[in-house]
Amino acid sequence: MSIEELFMLALMPVLKTLLIAVVGLFLALDRVSILTAEGRHHLNNLVFYVFFPALCASGLISSSTATGIFSLWFIPVSILITFLVGSALGWILVKITRTPQHLHGLVIGCCAGGNMGNLPVIIIPAICAEKNNPFGDSSTCSLNGMGYVSLSMGIGAIGVWSYVYNIIRAYGKKEEGDVSAYSRLRENKHGETSKHSLDTRRALLPSSNSKDNESSAQVSIPTVIEKKVKSLVEYIDLSVVFRPPTIATIVGIIIASVSPIQDILVGSGAPLRFIESSVVLLGEAAIPSMTIIMGANLLRGFKRSGVGISLLFGIIVVRFIILPIVGVGVITVAKNLGMVGSDPLYHFVILLQYAVPPAMAIGTITQLFEIGETECSVIMFWNYAVASVALTLWCTYFMRLQIQAMKIDLLKKCKLGLVAWSSLRLSLGGGMEAAC
């Protein structure tokens, strides 16, 4: 396929996403007033608690018959790499741009947490639906692709609602002793727990009194570790980590990995197949709903400003230049070490994790803590505006890489005599004969 054909193939799903997002933005206009702030709130809750978890679970369950779930172990590893590298680059960026302290968590979170939900969910099926896609039969491509994307969505959601949530929370102190309204509410609600944690920390600190020092010295190391672990567990809100998308991902992985459960739920002959069908039906509503909300939320960023150009430019460079280059290096090393198999679609989905804009859930987190809401809207607006071009270019390049890799693999097999001449003529044309 030529570069022009690959570019048009990559452009189509991005245009679809933009069109639906524009519909959401139009519905959110004041003079239209269909998708008001209250309406967005209710639709966002419906997506978060019903549609998106159903999409995560159904994608994993539907692909379990075609792809072994444990063979996809590199997807969470790759997502971990994106969070680590993005966090490091975000930390460097806030130091260079001298970002205000209370916005450090927002900037680091935007650099670390990518949108591995609605964008890949739209892009992969749209590419697979094209007749000239480089990943083979459209039905098989869509089935396997949705399995890869669903796992990425679930793991990405866990990362955003655990790591990004807590890093925005940690940096949320605008001044010393001044925390967000949510944090104050939490402290009031768990006052006794906080007091107990403070007493525990004081017990672990040596006092100036020699007798206190002697008693502290007699405390065993396992006891100290146990107390510190308990204090950490009390600080971490597990109810935030185990959100509906996370629970749905865990349920989907369990069903996908346990054959007896699959026999009951999955397939045309399964006695409880109506459950899977219902979950799939609910999941299909997630894609348009999430994209409409995304467009409506971007309206605030279009209306307001207040973020420095250097900071905006830095986040865009991190998300659309540095991270994709890192992704190419990661997938190249992984392929050479035999860690990611030979499926080009699998490689493409992994590469896509590094080229997406910041996760829209970050905006929800800033609303929870009442920190950097306006700044987040501006960052999201410009990142998604740039993504319409950057994501198209990177998808074109990633598909080109996969086609070249497939040609190299076939050439190797040709030289080894593992592929018949007739099959080579059908797949690559007569030009490959000379190479062989």
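Trainee: In this predicted model, is leucine 72 buried or exposed?

Mentor: Leucine 72 lies in the loop between helix 2 (37-63) and helix 3. Its relative accessibility is 4%, and the cut-off for a buried residue is under 20%. Leucine 72 therefore counts as buried.

Trainee: How far apart in space are leucine 72 and serine 152, C-alpha to C-alpha?

Mentor: Leucine 72 belongs to the loop between helix 2 and helix 3. In sequence, leucine 72 and serine 152 are 80 residues apart. Their C-alpha atoms are separated in space by 9.8 Å.

Trainee: How is helix 4 oriented relative to helix 6?

Mentor: The axes of helix 4 and helix 6 come within 8 Å and cross at roughly 165°. Since angles over 145 degrees fall in the antiparallel class, helix 4 is to be described, relative to helix 6, as roughly antiparallel.

Trainee: Which handedness does the crossing of helix 4 and helix 6 have?

Mentor: The two axes cross at roughly 165°. The handedness assigned to the crossing of helix 4 and helix 6 is right-handed.

Trainee: What is the relation between helix 6 and helix 18 in terms of their angle?

Mentor: Helix 6 (residues 138-170) packs with helix 18 (residues 361-369) at an angle of about 40°, the axes being 10 Å apart. The crossing of helix 6 and helix 18 is right-handed. An angle under 35 degrees would count as roughly parallel. At about 40°, the two helices are therefore oblique.

Trainee: Which residue is 9.6 Å from leucine 368, C-alpha to C-alpha?

Mentor: Leucine 368 is placed in helix 18 and, at 34% relative accessibility, is partly exposed. Its partner is 203 residues away in sequence. That partner is tyrosine 165.

Trainee: Is tryptophan 161 buried or exposed?

Mentor: Tryptophan 161 is part of helix 6. The C-alpha atoms of tryptophan 161 and proline 245, 84 residues apart along the chain, are separated by 9.6 Å. With a relative accessibility of 6% against a limit of under 20%, tryptophan 161 is classed as buried.

Trainee: What is the C-alpha separation of threonine 332 and histidine 347?

Mentor: Threonine 332 is located in helix 16 (residues 309-336), where its relative accessibility of 39% makes it partly exposed. Histidine 347 is 15 residues from threonine 332 along the chain. The C-alpha atoms of the two are separated by 9.5 Å.

Trainee: Which residue has a positive phi although it is not a glycine?

Mentor: The residue is found in the loop between helix 3 (74-97) and helix 4 (104-112). Its phi is about 55°, and its relative accessible area is 76%, which makes it exposed. The residue is arginine 98.

Trainee: Which elements give two or more residues to the nonpolar patch?

Mentor: The nonpolar surface patch covers about 350 Å² and is made by Phe7, Met8, Val389 and Leu393. The elements that give two or more residues to this patch are helix 1 (3-27) and helix 19 (373-415).

Trainee: Why does valine 389 count as exposed?

Mentor: Valine 389 is placed in helix 19 and is one of the residues that make the nonpolar surface patch. The class of exposed residues begins over 50% relative accessible area. Valine 389 belongs to that class because its relative accessible area is 53%.

Technical notes
Residues are numbered from 1 along each chain as its sequence is written. This is a predicted model: local features need pLDDT of at least 70, side-chain atom pairs count only at pLDDT 80 or more; totals for chains, interfaces and linings use all residues. Side-chain values use heavy atoms; hydrogens and water are left out. Patches are made of residues with over 30% relative accessible area and no salt bridge: like charges are joined within 9 Å, nonpolar side chains (Val, Leu, Ile, Met, Phe, Trp, Tyr) within 5 Å. Accessible areas come from the Shrake-Rupley method with a 1.4 Å probe; for residues, only the protein chains shown count as cover. A salt bridge is a side-chain nitrogen of Lys or Arg within 4 Å of a carboxyl oxygen of Asp or Glu. Helices (H or I, at least four residues) and strands (E, at least two) are DSSP runs, numbered from the N terminus. Buried means under 20% relative accessible area, exposed over 50%, partly exposed in between (1.4 Å probe, protein chains only). Axes are lines fitted to C-alpha atoms, for helices over the stretch in contact, and angles run from 0 to 180 degrees between N-to-C directions. Angles under 35 degrees count as roughly parallel, over 145 as roughly antiparallel, 65 to 115 as roughly perpendicular and the rest as oblique. A crossing is left-handed if the near helix is turned anticlockwise from the far one by less than a right angle, and right-handed if clockwise.
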